[in-house]
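Trainee: I am new to this structure. Can we go through it together, one question at a time?

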Amino acid sequence: MKALLLKELLMIKQRMVMFILFIVIFCGIGLTGNCGTLSIMSAFFGMFLFGHLNYDEQSKWHIYSIAMPYGRKTIVSSKYMAMIISAVFSTVLAVVTLTAAAALGKAELSAELFIIYVATSLVIGLVYPSLLLPVAFKFNSEKSRMVMIFVSAIMGGLLGVCMSSDFTTKILEKLSKYSSILPFILLAVAVVLFAISWFASVKIYEKRDL
């Protein structure tokens, strides 16, 4: 597992300039007070790692890997573990940026908002790969990339519709009564979805003809 995670890290190192630029842009926007952008940072980190599947296929690594002392379950698990690390890293980065923005007077920060931002970042960081990875392990990278674009567009569209809907506003008003526990409920649901996704991906990849 450690060697597989090291491979993911080395692949990030090859695109380090893009990775750092990505961090600078998001943190820069967050420091201006647009903290909502920080909540979706974990999704973009997930997309960045998702691209590694395409590189694996182009280099035929997914074929050669079956000759290595790793079972398919371990290979799948390493991808999911990388996504967990990505979600935690992006959340920590978002929290640091949010705290700095608050210190600069660009954003308000309370204990409740802090919990909401942390939970939202982790939920997005877990849900996004939960939807995409089973598809990626089922099909080739080209189809997976198309699905990723489709899912991203759908999620963005639904988010935009929901944010502008009066029905959503009414729901949020009702849910505000449970604001203290709602982030934890959503996070628990995301963890369960992530676990189901991992189980499905393992079963799919074990049966896939490479």
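**Helix packing and a pocket**

Mentor: Start with a pair of helices in this predicted model. H7 and H11 are roughly antiparallel to each other, as their packing angle makes clear.

Trainee: At what angle do H7 and H11 pack?

Mentor: Helix H11 covers residues 182–207. Its axis lies 9 Å from that of H7. Angles over 145 degrees count as roughly antiparallel. The angle here is about 150°.

Trainee: Is the crossing of H7 and H11 left-handed or right-handed?

Mentor: Clockwise turning of the near helix from the far one gives a right-handed crossing, anticlockwise a left-handed one. H7 passes H11 in the first of these ways: right-handed.

Trainee: Which residues of H11 make the contact with H7?

Mentor: H7 brings Arg 72, Lys 73, Ile 75, Val 76, Ser 77, Tyr 80, Met 83 and Ile 84. By class, the contact of H7 with H11 holds nine nonpolar, three polar and three charged residues. On the H11 side are Phe 194, Ser 197, Trp 198, Ser 201, Val 202, Tyr 205 and Glu 206.

Trainee: Now H1 and H7. Are they oblique or roughly antiparallel to each other?

Mentor: Their axes are 9 Å apart. The packing angle is about 55°. Angles of 65 to 115 degrees would be roughly perpendicular, and under 35 roughly parallel. H1 and H7 are therefore oblique.

Trainee: Which residues of H1 meet H7?

Mentor: H1 passes H7 in a right-handed crossing. On H7, the partners are Thr 74, Ile 75, Ser 78, Lys 79, Met 81, Ala 82 and Ile 85. From H1 come Leu 4, Leu 5, Lys 7 and Glu 8.

Trainee: How many charged residues are in the contact of H2 with H7?

Mentor: H2 spans residues 16–31, and its axis comes within 9 Å of that of H7, crossing at roughly 35°. Phe 19, Ile 23, Cys 27, Gly 30 and Leu 31 in H2 meet Phe 89, Leu 93, Thr 97, Ala 100 and Ala 101 in H7. Eight of these residues are nonpolar and two are polar. The charged count is no residues.

Trainee: Which helices each supply at least two residues of the lining of the second largest pocket?

Mentor: This pocket holds about 270 Å³ of space. Its lining includes Leu 5, Glu 8, Phe 45, Leu 49, Ala 82 and Ile 85. Match those to the helix ranges 2–14, 41–50 and 72–103. The helices are H1, H4 and H7.

Trainee: How many nonpolar residues are in that lining?

Mentor: Phe 19 and Phe 89 are among the lining residues. One lining residue is polar and one is charged. The nonpolar count is nine.

Notes: Residues numbered from 1 in each chain as written. Predicted model: local features only at pLDDT ≥ 70, side-chain atom pairs only at ≥ 80, totals over all residues. Heavy atoms only, no water. 1 Å grid on protein atoms, 1.4 Å probe; cavity = no way out; pocket = protein on both sides within 12 Å on 5 of 7 lines; lining within 4 Å. Points joined across faces, edges and corners; volume = space filled by probe spheres on them. Helix = DSSP H or I, 4+ residues; strand = E, 2+ residues; numbered from the N terminus. Nonpolar A, V, L, I, M, F, W, Y, C, P; charged D, E, K, R; others polar. Axes fitted to C-alpha atoms, helices over the stretch in contact; angles between N-to-C directions. Contact = heavy atoms within 4.5 Å.
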